[in-house]
Amino acid sequence: MSKILVISGHPNLDESFTNKVILEQLESHIDDVQVRRLDTLYPNYQIDVATEQQALLDADIIVLQFPFFWYSIPALLKKWIDDVFSYNFAYGSKGDKLKGKDFLLSFTIGGPSDSYDPLGYNHFSIEQLIAPLQQTSYLTGMNFRKPLYSHGMVYIPGVYNTQQGVEANAMEHSVELISRINTLAHSTENRVKKLVKEWFAEFDKLPESGEQFLQSLSHDIQWSSPEGDFTGHAGFNNWYQVVRGLFKADCQHIVENVEVIEGDDDIKASLRIRLIADTLDGQSVNMLINEQWSLLEQDGRLLITHYKVTPVQG
Ligand SMILES: Cc1cc2nc3c(=O)[nH]c(=O)nc-3n(C[C@H](O)[C@H](O)[C@H](O)COP(=O)(O)O)c2cc1C
C-alpha cells in the first residue's frame, strides 16, 4: 500500500477531544501510516526541517490533521509549513520534491455549518478560508484532494456540546477519513507509483537472476532500450544479462518524476530516473533517463506491456 503521512497540527493533543480520537482511529485502522505529532515533537516550535522533509519524501499521501483556529491552521502547523516547504524543496527551479503526492486536509471546526455562509456570522465559506492551503498545494505540484472537515467539534463544559457528542462526531469523521485514504491509496496512480518504487529498489540490487521482475511483465512485453529491442520474458532475461554484464550491483535509481495517465485501453506512465552506477570496467555513471511504460490491469495486478528507455543526458 501507499505510504501515508499524517501531520498532526494540534498544539496540545492531550487536551483534545476530537483530533485525538481521529488520530487514534487512523493509527489503529490504517497500515503503513506515520503520524507525526508536532506538539510533542516540537514543543518549542523549533522544527527539524531535514527530518520533516525526509518524512515527506517517503510519503505518497500527505494528510494535515488539525483543529480550525481563527479561520486558519494552528500557528505550530503554519510554522511547520513555513520552515519545511523551502526553496528548491517545495518550490523553485529544483523544488519539485512534493510533486505528484496526494494532499488531504482533514480538520475539525467549532462553529456550525450555517455560520460559514454570506448571511451567517462567519460570512465566508470554509472553501474560501482555506484557499491559501489549496494554492500552496498547487504551487508545490501536489494533488489537492477534496478536504474533509466536520462542524460542531468544540466542547466547552456547560457551554458548548457534550464530550460524548463531539467524540461521536470525531468517530464519524474518522470513518470517512479512513475511507478516503483507502480510496487514494488504492488509486491506479498510487499503485503504479508503488510498482515503480519497488521495481527500482530491486534494480538497485541488480540480483543475479532477473526472475523477480518477470511477475510485473506481461508475457509479450515489448522492451526497447539503448541495448536493443527485446520481446517477451525470454527477451527481458537476455536484456537483463546484458545489463548485468555492464554495471556493478548496488547502483542507485532515483525516481525523480512519475506521471500516470489512465487511458481507455491502458495506463501510461512517464518516468524520469537518475541512474548513479559504476560500470564493471571502472567508470562512474550519473545520467538522466526517460522511461515510458504502458501497463494493463490483469486479475487485480498491474502488468507492464511496453517498456521504453531513453537516456536524456550523459
Ligand atoms: C485558539 C482557538 C481558535 C479557534 N478558532 C475557531 C474558528 O476560527 N472557527 C471555528 O469554527 N472554531 C474555532 N475554534 C474551535 C476549534 O476549532 C475546536 O475547539 C477544535 O476543532 C476542537 O478540536 P479538539 O477537540 O481536537 O481540541 C477555535 C478554538 C481555539 C482554541
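Visitor: Which residues does UniProt list for "domain: Flavodoxin-like fold"?
Guide: The name comes from an unreviewed UniProt entry, and such annotations may be inferred rather than shown by experiment, with positions given in the numbering used here and feature names shortened. Residues are numbered from 1 along each chain as its sequence is written. This is a predicted model, in which local features need pLDDT of at least 70 and side-chain atom pairs count only at pLDDT 80 or more, while totals for chains, interfaces and linings use all residues. The record lists residues 2-154.

Visitor: How far apart are the end C-alpha atoms over residues 2-154?
Guide: Helices (H or I, at least four residues) and strands (E, at least two) are DSSP runs numbered from the N terminus. Over residues 2-154 the chain is 31% helix and 19% strand. The C-alpha atoms at the two ends of 2-154 are apart by 33 Å.

Visitor: What share of the 314 residues of the protein chain is buried?
Guide: The protein chain has 10 helices and 12 strands, and its C-alpha trace spans about 75 × 40 × 35 Å along the principal axes. A residue is buried if 20 or more other C-beta atoms, placed from the backbone, lie within 10 Å of its own, exposed if 12 or fewer, and partly exposed in between. On that count the buried share of the 314 residues is 27%.

Visitor: How many residues surround the ligand?
Guide: A residue is near the ligand if its C-beta atom, placed from the backbone, lies within 6 Å of it. The closest are Ser16, Asn19, Pro67, Gly110 and Gly111. The number of residues around the ligand is 16.

Visitor: Is Ser16 buried or exposed?
Guide: Ser16 sits in the loop between strand S1 (4-8) and helix H1 (19-29). Its C-alpha lies 9.3 Å from that of Tyr155, 139 residues away in sequence. Because Ser16 has 21 C-beta neighbours inside 10 Å, it counts as buried.

Visitor: Where does Trp70 lie?
Guide: Phi of Trp70 is near 45°, a positive value in a residue other than glycine. Most residues other than glycine have a negative phi. Trp70 has 8 other C-beta atoms within 10 Å, so it is exposed. Its place is the loop between strand S3 (61-67) and helix H4 (75-84).

Visitor: What is the phi of Asn88?
Guide: Asn88 belongs to the loop between H4 and strand S4 (102-108). With 11 other C-beta atoms within 10 Å, Asn88 is exposed. Its phi is positive, near 65°.

Visitor: What does helix H8 reach from its first C-alpha to its last?
Guide: H8 covers residues 188-205, 18 in number. The expected span is 1.5 Å times one less than the number of residues, and for H8 this comes to 26 Å. Just after H8, Leu206 takes a positive phi of about 45°. The reach of H8 is close to expectation, at 26 Å.

Visitor: Why is Lys194 partly exposed?
Guide: Lys194 lies in helix H8, whose buried residues are Glu189, Asn190, Arg191, Val192, Lys193 and Phe203. Lys194 is partly exposed because the number of other C-beta atoms within 10 Å is 16.

Visitor: Which residue in S8 stands opposite Trp223?
Guide: Strands S7 (residues 217-225) and S8 (residues 228-231) run antiparallel and are joined by 4 bridges; two strands pair if DSSP finds at least two bridges between them. S7 and S8 form a hairpin with 2 residues between them. Opposite Trp223 stands Phe230.
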